[in-house]
Amino acid sequence: MAFRYSVIFYLLLTKAFLFPFLLELVGAEDKQEEEFSEELLLRPLPDRKVLAHFHFESSVPSTETYGQHHILFPKAIYQLVQKFRIREMELSFTQGRWNYDRWGGFDPMSSSNAKPPGVELWAVFDVPLNVVDATWKNLSHALSGLFCASINFLESSASFSAPGWGFRSHSGYLRYGALPREAVCTENLTPWLKLLPCRDKAGLAAIMDRPSIYKGYYHSQRLKITSATIGITLEQTLTVVLQPSIQRPSAYSSGSSFFQPNWSISSLFGRKIIGKCVLAKTSLVFLELEGNLISKLEDRGKENTALEVSITPTRMFQEANKLQVPTSSIMYQFSVEEYSDDRPLDMGISWKLPIEWTCSQAPFLTSRFLMGSGNERGSIAISLKSLGQKEMLSDLRLTSSTDECKVRVVVFQIVPWYVKAYYHTLQVFVDGRSQAFSDLVKKIQVSPSEDKVSPGVMEMELELPCDVRSAAITLEFDKGFLHIDEYPPDANQGFDLPSAVISFPDLQASVHYAEGNSSRSPLISKFQARNIVQSYTEVLLVPLTTPDFSMPYNVITFTCTVLALYFGSLLNALRRRVGEEERYSSKVGIKRGLIPQVLSRFSARLRGKKTGEEPSSSQSSPSSATFGNKLLFKVVLVALFAVVLHYLNDH
């Protein structure tokens with residue numbers, strides 16, 4: 001009987017534990033798994049530079065279907081999403097400014113990956129509306145420790161804002177903050193690389209040489225998280241603009257200034273690609289030649305006579321449905337799986353003819369600057385300069401019932417509280433002439449700043465005619481005064497205003513390729529998505545009235561010196577007995593020098609007796625009492641003086 005019960009017990013255990021495991025193995029083929037991909041995009045630029053864009057993407061299914069134990073997806077990011085209930089988040093570290101005039105402004109690269117200088121952070125939370133601010137503060141502290149940066153400065157309500165519709169529309173669940181003065185260095189890149197499955201030990205990340213990256217004209221590392229019911233997606237990008245180190249021989253350089261320098265992967269980064277990350281599903285390298293460049297090459301003859309690629313590509317894609325330029329762009333694909341240590345990938349370009357071209361531009365080139373002088377008041381001006389893209393503007397939808405063509409422009413600008421903007425002074429100029437505010441501004445939302453509590457936020461939508469040559473927006477402000485504890489260490493340098501965001505809702509940048517197999521690439525899939533064209537303006541440097549920080553130091557030094565001398569003399573006089581020393585010196589027969597004699601006479605005069613006169617026992621007592629009272633009065637006076645001086649320094 002006991003044996004029978006034992007057999008039944010073991011069968012129940014097998015059914016409870018082993019059977020679910022077998023079911024999981026049977027349905028493993030239908031179960032979603034984690035994925036990781038790595039890609040590198042290289043693009044020659046018209047100003048003799050090269051754009052390198054690294055794209056890493058990790059995805060994990062939802063917890064209900066996959067579980068909480070991950071192999072590829074970083075645990076730190078998963079914990080952030082679960083703890084703070086992040087629906088969408090983007091964090092960028094940028095040094096330098098994207099040159100929209102030379103590097104392009106109407107393509108997915110400039111619309112999605114061009115970021116403002118410093119640190120930019122925005123997040124959308126899936127929490128109740130009353131705890132969004134508290135969640136934002138906790139998230140800023142967590143990211144500050146994770147990426148070794150000063151992101152925790154965004155916890156203050158005076159440093160972040162809640163955009164309504166000017167940046168992104170999420171009905172109050174969005175928070176936005178920027179630190180334009182934050183320095184970017186390798187201490188921020190190292191934690192970013194640790195989120196990759198192979199880090200920088202293998203794959204495309206292995207060629208990220210720190211000196212090569214940080215000597216570039218522009219570099220921006222970005223991290224974007226998207227959380228949905230199907231799972232979590234982590235997108236990591238690093239965009240760098242480099243100057244090739246290989247120079248053309250003097251025979252070519254003397255002929256024309258439009259010769260592009262020859263370059264390769266090893267000349268840009270100092271390393272070659274020796275293989276893929278073993279955990280990556282796809283590992284690809286792309287070489288993109290823009291449509292304007294292809295058009296110039298075709299004008300000079302066949303393409304292979306003016307430009308030579310050092311390695312035969314695995315596949316070639318051509319852009320389809322391109323209406324802005326006469327010729328479509330071309331994308332060359334190189335598979336990293338085909339290369340190893342014995343045969344590394346070192347793709348490069350050799351130029352045989354001088355070429356001059358321009359990148360695709362947005363309809364308007366935006367810039368921002370300050371007007372006025374002095375430390376009391378000034379004006380902020382945002383300028384929109386038309387680049388003559390008539391073909392692009394002709395495809396816009398008509399925003400009114402008439403046949404007049406108009407383009408919508410949305411301006412999103414944050415002003416710190418110490419720059420007191422007067423929004424009633426807002427003026428709009430078109431082609432140098434002032435226009436009625438109601439004729440051009442169709443929608444505006446203003447949140448005035450509050451001292452030391454919240455910044456000022458302006459969201460404005462304009463409708464400009466398509467044939468406008470230039471437009472400008474001006475806003476007057478007064479410069480506030482800060483407490484001495486609120487000034488940074490380099491206050492004389494000035495205060496930075498975050499970049500304004502200028503977007504064109506009617507214009508969308510996307511690149512579609514005719515080859516269907518290109519859709520398997522996450523990078524090309526991002527380029528094929530419809531991205532709203534937007535640009536960031538310059539960071540403004542506003543000088544404020546700054547106190548003389550050397551004066552407190554001088555006052556403290558002078559006061560301490562005087563008090564030290566005064567109290568030292570008093571203590572010396574109280575502790576020493578001059579009469580006994582004189583009698584002792586006369587008995588011993590020590591011959592005094594000139595200085596001791598002068599000091600002895602001076603002390604004798606203070607005690608009220610003549611020089612050389614011996615003090616009597618009857619006269620020493622009153623003089624000693626008088627001298628003691630004087631010393632006590634001086635000590636009390638000095639103490640009162642020190643208390644008053646300390647009170648004045650505090651106030």
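**View 1. The stretches that UniProt tags as transmembrane.** An unreviewed UniProt entry puts "transmembrane region" on residues 553–574 and 631–648; such annotations may be inferred rather than shown by experiment. In this predicted model, local features need pLDDT of at least 70, side-chain atom pairs count only at pLDDT 80 or more, and totals for chains, interfaces and linings use all residues. Numbering runs from 1 along each chain as its sequence is written, and side-chain values use heavy atoms, with hydrogens and water left out. Residues 553–574 are 100% helix and 0% strand, with the end C-alpha atoms 31 Å apart.

**View 2. Helix α7 and what covers it.** Helices here are DSSP runs of H or I with at least four residues, strands are E runs of at least two, and both are numbered from the N terminus. In α7 (residues 186–193), the buried residues (under 20% relative accessible area, 1.4 Å probe, protein chains only) are Asn188, Leu189, Pro191, Trp192 and Leu193. Their cover includes α6 (132–147), α8 (210–214) and the strands β2 (50–61), β3 (86–95), β7 (218–228) and β8 (231–242); contact means heavy atoms within 4.5 Å.

**View 3. The largest cavity.** A cavity is a set of points on a 1 Å grid over the protein atoms alone where a 1.4 Å probe fits but cannot get out, and lining residues have an atom within 4 Å of a point. This one holds about 70 Å³, counted as the space filled by probe spheres set on the points, which are joined across faces, edges and corners. Tyr100, Phe364 and Gln534 are among the lining residues. β15 (364–371) and β25 (531–536) each give two or more residues to that lining.

Conventions: Buried < 20%, exposed > 50% of the residue type's maximum accessible area, 1.4 Å probe, protein only. 1 Å grid on protein atoms, 1.4 Å probe; cavity = no way out; pocket = protein on both sides within 12 Å on 5 of 7 lines; lining within 4 Å.
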